[in-house]
Amino acid sequence: MGISPGKPPAASAVEQNVYKVFPNDLNSEYTVFGGLVMALCDRTALIVAERHSGQTCVTAAVDSLNFVGPARAGETLIVKAAVNRAWTSSMEIGVRVAAENSHTGESRHVVSAYLTFVAVDRDGRPTPVPAVLPETDAEQRRYDGAQRRRDARIAARS
Ligand SMILES: CC(C)(COP(=O)(O)OP(=O)(O)OC[C@H]1O[C@@H](n2cnc3c(N)ncnc32)[C@H](O)[C@@H]1OP(=O)(O)O)[C@@H](O)C(=O)NCCC(=O)NCCS
């Protein structure tokens, strides 16, 4: 069976992966341990990569992960992720995390990240993935930005 010629980001997006913060998730400053948020971003982005590609995927790179503010005990982390662009076997997934006070519904942006996943076959070799077909202006902007980020990633690696 051949791969799909292309899929829109909405077909694989994760709209809301929720994680309730408890005291054992905190660092010595009593804010949420950054490694936990990184793992949440990685897991959520992996789901998007696997939905988009229909294949096993591995994290190849996390080239940008910005903590823009702390999250605290009792808040709910809400993780959103979508595929921005796909090339031959790799995909850039954008992730945004917000911290919500679930009593009031107020939420703050806490993390933004871009991760690159590669789809692999049973032998762990890169395998082709469908193209991304942007449908909205925002998706088109992310699609264009993803190419610039890939060019920068490749330049940095060489
Ligand atoms: C990711 C991996 C499969 C790439 O395999 P490889 O033989 O180096 O692949 P290639 O050089 O042929 O590149 C394949 C694709 O991966 C991309 N890629 C490879 N290394 C990359 C990196 N560090 N950052 C971003 N993209 C990368 C290439 O740009 C290429 O993309 P394209 O097919 O869309 O053009 C391999 O390096 C690997 O298995 N790494 C370990 C992954 C892992 O264990 N992750 C953590 C646990 S999930």
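Guide: Helices (H or I, at least four residues) and strands (E, at least two) are DSSP runs, numbered from the N terminus. The model discussed here is predicted, so local features need pLDDT of at least 70 and side-chain atom pairs count only at pLDDT 80 or more, while totals for chains, interfaces and linings use all residues. Residues are numbered from 1 along each chain as its sequence is written.

Visitor: What pattern does the protein follow, read along the sequence?
Guide: The protein has two helices and seven strands. Taken in order along the sequence, these elements give the pattern β-β-α-β-β-β-β-β-α.

Visitor: What is the radius of gyration of the protein?
Guide: The C-alpha atoms fill a box of roughly 45 × 30 × 30 Å, taken along the principal axes. The globule rule (2.2 Å times the number of residues to the power 0.38) gives 15 Å for 158 residues, and the protein comes close to that, so it is as compact as a globular protein of that length. Taken over C-alpha atoms, its radius of gyration is 16 Å.

Visitor: What percentage of the 158 residues count as buried?
Guide: A residue is buried if 20 or more other C-beta atoms lie within 10 Å of its own, exposed if 12 or fewer, and partly exposed in between, with C-beta atoms placed from the backbone. Among the 158 residues of the protein, the share that counts as buried is 30%.

Visitor: Which strand gives the most residues to the largest nonpolar core?
Guide: This core (buried Ala, Val, Leu, Ile, Met, Phe, Trp, Tyr and Cys residues joined through C-beta atoms within 7 Å) has 31 residues, of which Cys41, Ala45, Ile93 and Val95 touch the most other members. Two or more residues come from each of helix 1 (34-53), strand 4 (76-86), strand 5 (90-100) and strand 6 (107-120). With eight residues, the element that gives the most is strand 6.

Visitor: Which residues does Val95 touch, not counting those up to four places away in sequence?
Guide: Two residues are in contact if their C-beta atoms, placed from the backbone, lie within 7 Å. By that rule, and leaving out residues up to four places away, Val95 touches Cys41, Thr44, Ala45, Val79, Ala81, Ala113 and Leu115.

Visitor: How many of the residues of strand 4 are buried?
Guide: Strand 4 pairs (two strands pair if DSSP finds at least two bridges between them) with strand 2 (residues 14-20) in the antiparallel sense over five bridges, and Val18 has Ile78 as its bridge partner there. Strand 4 also pairs with strand 5 in the antiparallel sense over ten bridges, where Arg85 stands opposite Glu92. Strand 4 is largely enclosed by the rest of the structure, because the number of its residues that are buried is eight of the eleven.

Visitor: Which residue takes a positive phi in the hairpin of strand 5 and strand 6?
Guide: Strand 5 and strand 6 pair in the antiparallel sense over eleven bridges, with Ala99 opposite Arg108. The hairpin has six residues between the strands, and the one with a positive phi near 85° is Gly105.

Visitor: Which strand supplies the largest share of the shell around the ligand?
Guide: There are 14 residues around the ligand (C-beta atom, placed from the backbone, within 6 Å), and Ala61, Trp87, Thr88, Ser89 and Ser90 come nearest. Strand 3 (56-67) and strand 6 each supply at least two residues of the shell. The largest share, four residues, comes from strand 3.
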